[in-house]
Amino acid sequence: MGKHGFGIDIGGSGIKGAPVDLRRGKLADDRFRVPTPQPATPDAVAATVREVLDHFKWDGVFGCTFPAVVQHGLVRTAANVDPAWIGTDAHKLLGKATGRDALVVNDADAAGLAEVRFGAAKDRDGVILVSTLGTGIGSALVTDGRLVPNTELGHVEIDGLDAESRAADSAREREDLSWKDWAARLTRYFQHMEALFWPDLIVVGGGVSKQADQWLHLVDVRTEMVPAKLLNNAGIVGAAVLAAEQGGGKC
């Protein structure tokens, strides 16, 4: 693996990317952000991804996060992007549109791997669960450094409801919950995760992790739980690392 890679993070409102120092897990330049096209169709998003790459004059393989289940390059679901993505071979689409080899990965998986390699779970062995608390609940499960892709644990049914509908940060904001009341919901969710996976460490990310001192100590779990460290750069870093290690779909 070389010294530098390139990562792009596709979100519902913005598409941002930067070169990444693969040895340190840090951005090697300032991020460049372009608004996500509306509607976020495959061709429109692919053109925007090319714009980000061209901004940095990056010609090599690159990694790209996507807010969906991505199975061997095929997009199986679509969240905050056009449903036309479902069934699209994202590796081939982005490769053809950009003229570079691309590796596309679920956004939470990329962020989780970055936290394990360079962030809050660095040098920790065993089963690591990384959860991103935002509009939904993203998840990444890493076992002894190996990623189990597309876990989608925010959609586990708890008490007859989709877990993220009650425990995501968006639910806290929508229902104007106190930190204590929201922490009670997180306790129910993470105790369920403990029963299923018996993690050695839980890392919580998402924008609300910046306020971890307000609520983290209120979550009653047996597993050590810590806030994420890489924050908004985690997806870019993780995507770049995976692309550098695995290569991309040929354009």
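This report describes a predicted model, beginning with its five-stranded sheet and ending with selected local features.

**The sheet**

Five strands form an open sheet with mixed pairing, in the order β11-β10-β9-β14-β15. Its edges are β11 (residues 146-148) and β15, each of which pairs on one side only. From one strand to the next, the twist averages 25 degrees. The pairings that involve β9 or β14 are listed below.

| Strand pair | Sense | Bridges |
|---|---|---|
| β9 and β10 | antiparallel | 7 bridges |
| β9 and β14 | parallel | 5 bridges |
| β14 and β15 | parallel | 3 bridges |

Individual residues show the register of these pairings. L133 stands opposite I137 in β10, and I128 stands opposite L201 in β14. On the β15 side, V203 has V226 as its bridge partner.

Strand β14, residues 201-205, is mostly covered, with 5 of its 5 residues buried. Burial extends to both of its faces: L201, V203 and G205 are buried on one side, and I202 and V204 on the other. Thus L201, the residue opposite I128, and V203, the partner of V226, belong to one and the same face of β14.

**Helices against the sheet**

Helix α3 lies across β9, β10, β11 and β14, and runs at about 50 degrees to β10. Helix α6 also packs on the sheet, where it touches β9, β10, β14 and β15. The direction of α6 makes about 150 degrees with that of β9.

**Nonpolar cores**

The largest nonpolar core contains 27 residues, of which L186, Y189, F190, W215, V219 and M225 touch the most other members. Two or more residues come from each of β9, β10 (137-143), α4 (163-167), α6 (179-197), β14 and α7 (212-215). The greatest contribution is that of α6, with 6 residues.

V219 illustrates the packing within this core. Leaving aside its neighbours within four places in sequence, V219 is in contact with A183, L186, T187, F190 and M225. Apart from this core lies another, of 26 residues, including I15, F66, V75 and V81.

**Local features**

Most residues other than glycine have a negative phi, and most peptide bonds are trans. Several sites in the model depart from these patterns.

The peptide bond that joins Q38 and P39 is cis, with omega about 0 degrees. P39 is placed in the loop between β4 (32-35) and α1 (42-56).

Two residues other than glycine have positive phi values. Phi of H72 is near 50 degrees, and this residue sits in the loop between β6 (70-71) and β7 (74-75). H72 is exposed because its relative accessible area is 75%, over the 50% cut-off. Phi of D123 is near 70 degrees, and D123 is found in the loop between α3 (107-118) and β9. D123 likewise counts as exposed, since its relative accessibility is 67%.

A second histidine, H91, presents the opposite case in terms of accessibility. H91 lies in helix α2, residues 90-98, and counts as buried because its relative accessibility is 12%, under the 20% cut-off. A polar atom of the H91 side chain lies 3.1 Å from the backbone nitrogen of V104.

Definitions and conventions. Residues numbered from 1 in each chain as written. Predicted model: local features only at pLDDT ≥ 70, side-chain atom pairs only at ≥ 80, totals over all residues. Heavy atoms only, no water. Helix = DSSP H or I, 4+ residues; strand = E, 2+ residues; numbered from the N terminus. Buried < 20%, exposed > 50% of the residue type's maximum accessible area, 1.4 Å probe, protein only. Polar contact = N/O pair within 3.5 Å; in protein donor to acceptor, adjacent residues only side chain to side chain. Pairing = 2+ DSSP bridges. Core = buried A, V, L, I, M, F, W, Y, C linked by side-chain atoms within 4.5 Å. Contact = heavy atoms within 4.5 Å. Axes fitted to C-alpha atoms, helices over the stretch in contact; angles between N-to-C directions.
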